[in-house]
Amino acid sequence: MGKAGGKAASFLPAAPLALFFAVAYLLPVAILTAVSFRPDLRASGWTLAHYAAFLGDGFNLSILLDTLWLGLQVVGVTLLIAYPLGLVYMRAGPRLRALLVFLILLPLLTNTVVRTFAWMAILGRNGLVDTVAATLGLADGPLRLLYSRTGLVIALAQIYLPLMALPLNNSLAKIDGNLLRAAEGLGASSAHLFRTVILPLSLPGAVAGCLLVFAGATTAFITQTLVGGGRQIFMPLFIYQQAIGVQRWAFAAAASVVFALTVMAIVYAFNRFARARLRGVDA
Amino acid sequence: MREARNIPFDLAVWLAGAAAIVLLVLPTLVVVAMSFTNEFTLRFPPRSWSVRWYGELFANSPQIAAAALASLKVALIATAVSTALGTLAAVVLAGRKDRWAVALDSLFMSPMVFPAMSLGLALLLVLSLAGIRLSLLTLAVGHVVIATPFVIRMVSAAAQQMNPALLDCAASLGASRTYAFFTVTLPLIRPGVVSGAIVAFLTSIDHVPVSLMLSDPRTETLPIHLWAILEANLDVRVAAVSGVIVAATVAVMLIVDRRMFVPGREKG
């Protein structure tokens with residue numbers, strides 16, 4: 001048997017999944033794209049009208065940009081929370097580490113609706129935050145955090161924190177303890193140690209976490225609608241309303257394509273940028 | 001040795017770390033406490049306690065039970081299919097750097113970042129154009145696409161730790177590829193396969209956008225049903241459902257060996 005034949009045969013076990021993805025993933029996405037260029041779902045002919053309608057309307061564009069901005073805000077907040085958590089994890093003994101893994105996994109394994117519901121009870125009228133603020137005399141009246149942008153970003157950051165913490169902790173745990181001791185022995189302060197040793201070496205985990213959190217937060221339909229409320233519209237709800245609500249299938253398809261392309265482009269660009277910067281760091 | 005430590009920085013890190021841990025745990029505790037409220041609102045803390053919402057949930061909530069059953073069926077099908085196909089693919093692709101392997105791997109991993117609402121609409125359009133009725137099976141097909149990347153990630157992590165010389169040994173002793181897969185590869189990567197299946201199940205049972213797009217009254221899953229309840233009128237029964245889910249999760253985590261979830265760690 002020739003070398004090429006042997007190579008093709010070696011892919012054989014991946015064939016069922018490749019076939020499944022071709023039918024259930026690539027074909028639907030191709031048809032979605034095709035429909036977005038049609039006048040209507042079952043109409044023939046080609047048109048750019050839906051893209052023109054989506055991209056030419058400032059309101060639609062603001063929804064798209066706001067969704068991406070929400071993703072970036074959530075990524076920023078999760079980074080701010082995950083790094084201290086990771087540093088504690090790094091210096092923890094095996095028992096504390098096991099406990100931390102349990103605590104990080106627990107919210108990840110409970111349902112998203114449950115976690116979102118929790119935030120409604122925390123941020124809502126007479127919820128936990130209101131009660132605490134009133135008890136401490138910090139506020140005289142409801143804080144109206146539910147349905148606010150701040151509340152939404154905090155809730156999403158907490159809900160997606162595990163997706164940042166797991167890869168980041170993995171990276172931090174791999175850092176050679178001798179490096180840290182050497183740096184400390186040479187007189188590096190903890191802040192300096194963090195900036196010059198820990199931060200660069202943990203970037204692979206942070207990058208993986210950023211991508212997962214960004215992808216999650218931009219498509220978090222449940223949390224966006226329940227904690228964000230009716231006045232904040234993001235792309236997932238917009239697509240849902242246009243498709244199921246008013247049945248503008250082709251327009252919804254165009255909006256879906258634009259949304260998917262922007263998210264994938266940002267993920268790809270970030271990945272490329274990060275890999276270029278990380279060359280030389282052992283992932 | 002430690003005179004150079006920066007006390008304010010260390011203190012800030014530990015305080016922020018402690019705050020992060022509180023933030024991780026707090027919502028779960030709030031939900032569990034909330035489920036024992038005696039009130040009709042989400043006032044927290046409740047003024048009086050009871051198990052009335054659990055009673056309400058178990059006694060007369062046939063729709064919630066039906067949605068939970070639908071979720072369970074879809075998740076079981078999606079887990080079986082994604083674990084079987086994903087494991088086969090991951091074993092082939094793990095650690096390979098040639099162009100076709102990398103391309104296939106990127107394809108299989110891409111649903112992780114492809115917006116699921118767009119995928120849901122894409123599937124709905126195909127089903128509608130092909131004249132296929134929505135069912136739990138069509139929903140499970142979508143969930144397989146969503147869950148497969150997690151299976152592949154877990155299984156390839158396990159497969160990469162395997163010593164490739166073992167397969168050469170099996171081959172030189174006359175084992176066929178299929179025989180070697182079942183007798184050598186599969187037992188060695190079993191922790192990866194099991195954790196892949198668990199994560200696939202959890203992903204499916206928690207998934208919303210594709211389920212939402214492909215849902216009709218017969219295929220409504222639990223998250224979609226709970227979402228609809230919360231959108232319409234903050235029914236406190238959701239707190240009881242949440243309590244049940246949290247309890248089930250903790251029970252499963254205590255039963256299943258925690259080490260299996262930690263990626264890249266050798267099982268002793």
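**Note on helix packing and the chain A–chain B contact**

1. In this predicted model, helix H8 (residues 149-174) of chain A packs against helix H10 (residues 190-218) of chain A at an angle of about 160 degrees, the axes being 7 Å apart. Angles over 145 degrees count as roughly antiparallel, and H8(A) and H10(A) are therefore roughly antiparallel to each other. Their crossing is right-handed.

2. On the H8(A) side, the residues in contact include Leu156(A), Tyr160(A), Leu163(A), Met164(A) and Pro167(A). H10(A) contributes, among others, Gly205(A), Ala206(A), Gly209(A), Leu212(A) and Val213(A). By class, this contact has 13 nonpolar, 6 polar and no charged residues.

3. The contact between the chains takes 80 residues from chain A and 76 residues from chain B. Helix H2 (residues 15-36) of chain A gives the most to the chain A side, with 13 residues. That side has 60 nonpolar, 18 polar and 2 charged residues.

4. Helix H6 (residues 112-123) of chain A and helix H1 (residues 7-34) of chain B have axes that come within 9 Å and cross at roughly 80 degrees, which makes H6(A) roughly perpendicular to H1(B). Participants include Phe117(A), Trp119(A) and Ala121(A) from H6(A), and Pro27(B), Val30(B) and Met34(B) from H1(B). The classes here are 10 nonpolar, 1 polar and 1 charged.

5. The largest nonpolar core has 160 residues, of which Ala121(A), Tyr160(A), Val213(A), Ala253(A), Leu121(B) and Val155(B) touch the most other members. Leaving aside residues up to four places away in sequence, Val155(B) touches Gly86(B), Thr87(B), Ala90(B), Val91(B), Ile189(B), Gly192(B), Val193(B) and Gly196(B).

How values were computed:
Residues numbered from 1 in each chain as written. Chains lettered and ligands numbered in written order. Predicted model: local features only at pLDDT ≥ 70, side-chain atom pairs only at ≥ 80, totals over all residues. Contact = placed C-beta atoms within 7 Å. Helix = DSSP H or I, 4+ residues; strand = E, 2+ residues; numbered from the N terminus. Nonpolar A, V, L, I, M, F, W, Y, C, P; charged D, E, K, R; others polar. Axes fitted to C-alpha atoms, helices over the stretch in contact; angles between N-to-C directions. Parallel < 35°, antiparallel > 145°, perpendicular 65-115°, else oblique. Core = buried A, V, L, I, M, F, W, Y, C linked by C-beta atoms within 7 Å. Buried ≥ 20, exposed ≤ 12 C-beta atoms within 10 Å, placed from the backbone. Left-handed = near helix turned anticlockwise from the far one by under 90°.
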